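Here is a walk through one model, from its overall layout to its ligand. Keep the structure open while reading.

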Amino acid sequence: MDDAMKVLIAEEQLREGVRRIAQQIQQRYQGRPLTVVGVLTSSLVFLSDLIRQLDIPLRVELIPARAGARNGGRPGPLVINLDLLAPDVRDRDVLVVDDIFDTGHTVWELIPQLDELGPNSVRTAVLLRKQGRRAVPVEPDFVGFDIADVFVVGYGIDYADRYRNLPYVAVLEDAELGRGSKP
Ligand code: 5GP
Ligand code: MG
C-alpha cells in the first residue's frame, strides 16, 4: 500500500513541529496546571508525542467526537461525548488537542461545550491546518503545520481504518480514495 503514499511531512519534521508547539504551549501556560483534552481517535499519536514534550503539570482527558451519520457524502452533525470528562475542569486551563483543523466545525462546536464546564480558559492545538477551508470565525491557538487542501493520512489519522499507524503524514491520492473501504 505504501508505494502509493506520498510523504507530506516526514518523521523528523513531525518531531520538530511537535517540539515547536510544545514550547509555545509551555510559554503560554507558564507552569500552570493544564488539562489536555484529546479528541479521539485521530489525535492519539500527536497527543502522545506532544505531552512527552511538555514539562508542566498536566492531566490528560479523552473525548470521542466524530461526524454523525453521513448525508449525501457530507458528514452529519458532530457527535461529542463529554461524559468521560472529569467534572473538575472548573478553574483549570483546558487545551483541546486535535489532528486537523479543516472547516473548524469540530473546534467551533467543542469550545462552547467545554466553556460551560467553567474552566479558566479553553484553547486549541492542532497538528495540521488546511489552507482556505475555514468556515467558522475561530482559529486554533497552536498549529503544527499549515498544509494545502489535500486528503491526508498517517500519524494517527486514518482513512476507512487504514494508515493510522504510518509514522509520517502522507497524501492519499484520489485513486486511493474510495478504494480499501470494503474488506
Ligand atoms: P473540521 O471540523 O475542522 O472540518 O474537521 C476536522 C476533522 O475532519 C479532523 O479532525 C479529521 O477527523 C477530519 N478530516 C479533515 N481533513 C481530513 C483529511 O485530510 N484526512 C482525514 N483522514 N480526515 C480529515
Ligand atoms: Mg478528528
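Contact here means heavy atoms within 4.5 Å. With that in hand, take Leu-127. Leaving out residues up to four places away in sequence, Leu-127 touches Leu-14, Val-18, Phe-46, Asp-98, Asp-99, Val-143, Gly-144, Phe-145, Tyr-155 and Val-169. The model is a predicted one.

Now step back to the whole chain. The secondary structure comes to 3 helices and 9 strands. Along the sequence they follow the pattern β-α-β-α-β-β-β-α-β-β-β-β. The chain has 183 residues, and 44% of them count as buried. About 9800 Å² is exposed, and carbon and sulfur atoms supply 47% of that area. Consider the contacts between residues at least 6 apart in sequence: 65% of them join residues at least 24 apart.

Next, the interior. In soluble globular proteins, nonpolar side chains tend to be buried together. The largest nonpolar core of this chain holds 27 residues. Within that core, Ile-25, Leu-50, Leu-127 and Leu-128 touch the most other members. Six elements' names are worth marking on the model. Helix H1 (11–29), S2, H2, S5, strand S6 (121–130) and strand S7 (142–147) each give two or more residues to the core. H1 makes the largest contribution, with 6 residues. Another core lies apart from this one. That other core has 20 residues, including Val-39, Val-96, Ile-111 and Val-136.

Strand S2 comes next. S2 spans residues 34–40 and is mostly covered, with 6 of its 7 residues buried. Its partner to examine is strand S5, residues 93–101. The two run parallel and are joined by 5 bridges. One pairing to locate is that of Thr-35, whose bridge partner in S5 is Val-94.

Move on to strand S6, where Thr-124 has its place. Is Thr-124 buried or exposed? Its relative accessibility is 1%, so Thr-124 counts as buried. The residues around Thr-124 can be listed, again leaving out those up to four places away in sequence. Thr-124 touches Leu-95, Val-96, Val-107, Ile-111, Glu-139, Pro-140, Asp-141 and Phe-142. Two of these names, Val-96 and Ile-111, are also among the members of the 20-residue core.

Helix H2 offers another stop. H2 covers residues 44–51, and Ser-48 lies in it. Ser-48 has a relative accessible area of 29%, so this residue is partly exposed. The side chain of Ser-48 reaches the backbone oxygen of Val-45 at 3.0 Å. Val-60 is 12 residues from Ser-48 along the chain, and their C-alpha atoms are separated by 9.9 Å.

Now find the open sheet of 3 strands. Its order is S1-S9-S8, and the pairing is antiparallel. Which strands stand at the edges? They are strand S1 (6–9) and strand S8 (152–153). Each has a single partner strand, so one side of each is left without a neighbour in the sheet. S8 is joined to strand S9, residues 169–171, by 2 bridges. Val-153 has Ala-170 as its bridge partner in S9.

Follow the chain into the segment after S9, where Asp-174 lies. Asp-174 has 67% relative accessibility, so it counts as exposed. The cut-off for that label is over 50%. The C-alpha atoms of Asp-174 and Phe-151 are separated by 8.5 Å, with their positions 23 residues apart in the numbering of the chain.

Finish at ligand 1. Which residues are closest to ligand 1? Asp-99, Thr-103, Gly-104, Thr-106 and Lys-130 are, out of the 16 residues that surround it. Asp-99 also appears among the residues that Leu-127 touches. Several polar approaches can be traced. An oxygen atom of ligand 1 is 2.8 Å from a polar backbone atom of Gly-104. An oxygen atom of the ligand also lies 2.5 Å from an N or O atom in the side chain of Thr-106. On Asp-158, a backbone N or O atom is 2.8 Å from a nitrogen atom of ligand 1. Taken alone, ligand 1 exposes 510 Å², and the protein buries 80% of that. S5 and helix H3 (105–115) are the elements that give two or more residues to the shell. The largest share, 4 residues, comes from S5.

Technical notes. Residues are numbered from 1 along each chain as its sequence is written. Chains are lettered from A and ligands numbered from 1 in the order in which they are written. This is a predicted model: local features need pLDDT of at least 70, side-chain atom pairs count only at pLDDT 80 or more; totals for chains, interfaces and linings use all residues. Side-chain values use heavy atoms; hydrogens and water are left out. Buried means under 20% relative accessible area, exposed over 50%, partly exposed in between (1.4 Å probe, protein chains only). Two strands pair if DSSP finds at least two bridges between them. Accessible areas come from the Shrake-Rupley method with a 1.4 Å probe; for residues, only the protein chains shown count as cover. A polar contact is a pair of N or O atoms within 3.5 Å; within protein, one must be able to donate a hydrogen and the other to accept it, and residues adjacent in sequence count only if both atoms are side-chain atoms. A nonpolar core is a set of buried Ala, Val, Leu, Ile, Met, Phe, Trp, Tyr and Cys residues joined through side-chain atoms within 4.5 Å. A residue is near a molecule or strand if one of its heavy atoms lies within 4 Å of it.
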